Amino acid sequence: MSTQSSIPNFTIERHPSPVSDADRAKVLENLGFGKVFTDHMVVVRWSPDRGWYDAKVTARKPLEIDPAASVLHYAQEIFEGMKAYRAEDGRILLFRPEQNARRFNESAQRMAMPEVPEDLFLKAVEELVAIDKAWVPGGDASLYLRPFMFASESFLGVRPALEYLFVVIASPVGAYFKGGSKAVKLWVETGYTRAAAGGTGAAKCGGNYAASLVAQAEAAKRECDQVVFLDAAEHKWVEELGGMNVFFAMNDGTLVTPPLGGTILPGITRKSIIQLARERGLKVEERPYSFAEWQDDVKSGRMTEAFACGTAAVLAGIGTVRHADGEFKVGNGETGALTTSLREELVNLQRGMTNDERGWTRTIAA
Ligand SMILES: *Cc1c(COP(=O)(O)O)cnc(C)c1O
């Protein structure tokens with residue numbers, strides 16, 4: 001479906017009774033992940049005749065959808081995950097938001113959904129952050145933004161829907177993993193897979209997550225934080241975690257990460273880390289990496305660190321790896337020095353603490 005060239009004006013309907021300053025301050029003091037939400041949301045509608053229309057910033061409330069809405073039956077749904085950060089000088093920053101807008105449209109194409117023009121996507125996000133700016137916490141916390149789109153047409157036939165809603169909600173968040181920067185423990189899944197060639201692995205769609213939950217539950221049963229998926233064809237190659245990309249650091253200054261190729265989500269954190277690492281003179285190899293090689297490299301001492309990365313958790317050191325035949329530690333089982341230093345470099349950029357030479361941050365006029 002084609003991209004509409006003009007973007008609708010936004011109507012602003014302020015929440016009649018927003019959360020009080022005192023209550024908000026209490027909420028922001030003790031943040032988890034994705035449990036509390038701001039006062040407002042953005043909703044924009046799409047139809048074939050009108051394109052994107054009826055754009056509004058409005059009080060956050062339940063959406064009314066018909067029980068026959070096709071998303072409820074055939075899962076035409078995509079989303080994004082990004083954050084607004086409060087810099088020490090009070091500015092509110094987004095990190096590479098145009099990358100999210102682009103990836104959203106790649107996901108839309110794969111799921112036979114209409115594209116959201118990049119400037120509409122960015123305006124929706126910026127309008128929401130601006131109206132809810134009091135909800136952007138400082139320090140290590142941030143405002144997690146969740147743009148998403150789903151098929152809202154009431155129709156049980158199987159074809160791409162003819163009506164969609166594009167919505168943005170926001171949630172102030174603290175640390176993603178309970179242990180803070182403590183290294184995570186992973187479960188290597190050899191039965192269930194996440195994505196196959198020609199499938200939807202590179203699209204950020206809810207269906208991928210639905211399919212990963214049973215494996216994540218297996219990981220939890222084994223007291224692991226996250227699951228590592230292997231490829232669907234050979235059950236041999238490391239792909240990624242349920243919602244994070246993965247990197248392996250070697251003692252000769254090489255970083256290895258599985259290549260994009262349709263079965264892996266093209267992470268913006270992944271892309272940024274590749275660039276930062278290359279700028280440091282590290283050699284980054286995007287290549288297939290097998291679980292057997294992982295075990296060999298740990299045994300020989302070649303692998304010094306491994307980490308997972310994504311917007312929610314930034315960088316998380318991989319400490320212990322459990323699998324069907326046992327378990328092993330990566331390095332000394334703690335978050336490594338390179339992981340910590342890349343994490344700091346990225347976080348300092350995201351929070352406007354270092355000079356943004358690469359033009360990666362965008363200041364919200366709020
Ligand atoms: C969102 C996501 C990532 C990480 O992408 P970022 O842009 O770095 O947040 C990795 N894997 C999956 C499956 C994801 O959905």
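A polar contact is here a pair of N or O atoms within 3.5 Å. In the predicted model described here, E240 meets this limit with the ligand: an N or O atom in the side chain of E240 is 2.6 Å from a nitrogen atom of the ligand. A comparable description applies to T311, where an N or O atom of the side chain lies 2.6 Å from an oxygen atom of the ligand. R103 also takes part, since one of its polar side-chain atoms is placed 2.7 Å from a ligand oxygen atom. In total, the ligand is surrounded by 15 residues. The closest of these are K204, Y209, E240, T269 and T311.

The residues around the ligand can be placed within the domain arrangement of the protein. The domain assignment divides the protein into domain 1, which covers residues 10–173, and domain 2, which covers residues 184–350. The centres of the two domains, taken over C-alpha atoms, are separated by 28 Å. Contact between them involves 18 residues of domain 1 and 19 residues of domain 2.

The area buried between domain 1 and domain 2 amounts to about 1,700 Å². Carbon and sulfur atoms contribute 59% of this area. Within domain 1, the residues that lose the most area to domain 2 are F79, F95 and R103, which together account for 34% of what that side buries. R103 thus appears both in this group and among the residues with a polar side-chain atom placed by a ligand oxygen, at 2.7 Å.

As to the interactions across the interface, no salt bridges are counted between domain 1 and domain 2. Polar contacts are present, however, with eleven residue pairs found across the interface, both residues of each pair being at pLDDT 80 or more. On the side of domain 1 that touches domain 2, the elements giving two or more residues are the strands β4 (77–79), β5 (82–86) and β6 (92–95), together with the helix α3 (97–110). Helix α3 provides the largest share of this side, with five residues. By residue class, the side of domain 1 that touches domain 2 comprises eight nonpolar, four polar and six charged residues.

Although salt bridges are absent between the two domains, the count for the model comes to 22. Side chains of opposite charge can pair when their charged atoms come close. One salt bridge joins E218 and K221, whose closest N and O atoms are 3.3 Å apart. Both residues belong to helix α5 (residues 206–221), in which they stand three residues apart, about one turn of the helix.

Technical notes:
Residues numbered from 1 in each chain as written. Predicted model: local features only at pLDDT ≥ 70, side-chain atom pairs only at ≥ 80, totals over all residues. Heavy atoms only, no water. Domains from an automatic or database assignment. Contact = heavy atoms within 4.5 Å. Buried area = accessible area lost by both parts, 1.4 Å probe. Salt bridge = Lys/Arg side-chain N within 4 Å of Asp/Glu carboxyl O. Polar contact = N/O pair within 3.5 Å; in protein donor to acceptor, adjacent residues only side chain to side chain. Helix = DSSP H or I, 4+ residues; strand = E, 2+ residues; numbered from the N terminus. Nonpolar A, V, L, I, M, F, W, Y, C, P; charged D, E, K, R; others polar. Near = heavy atom within 4 Å.
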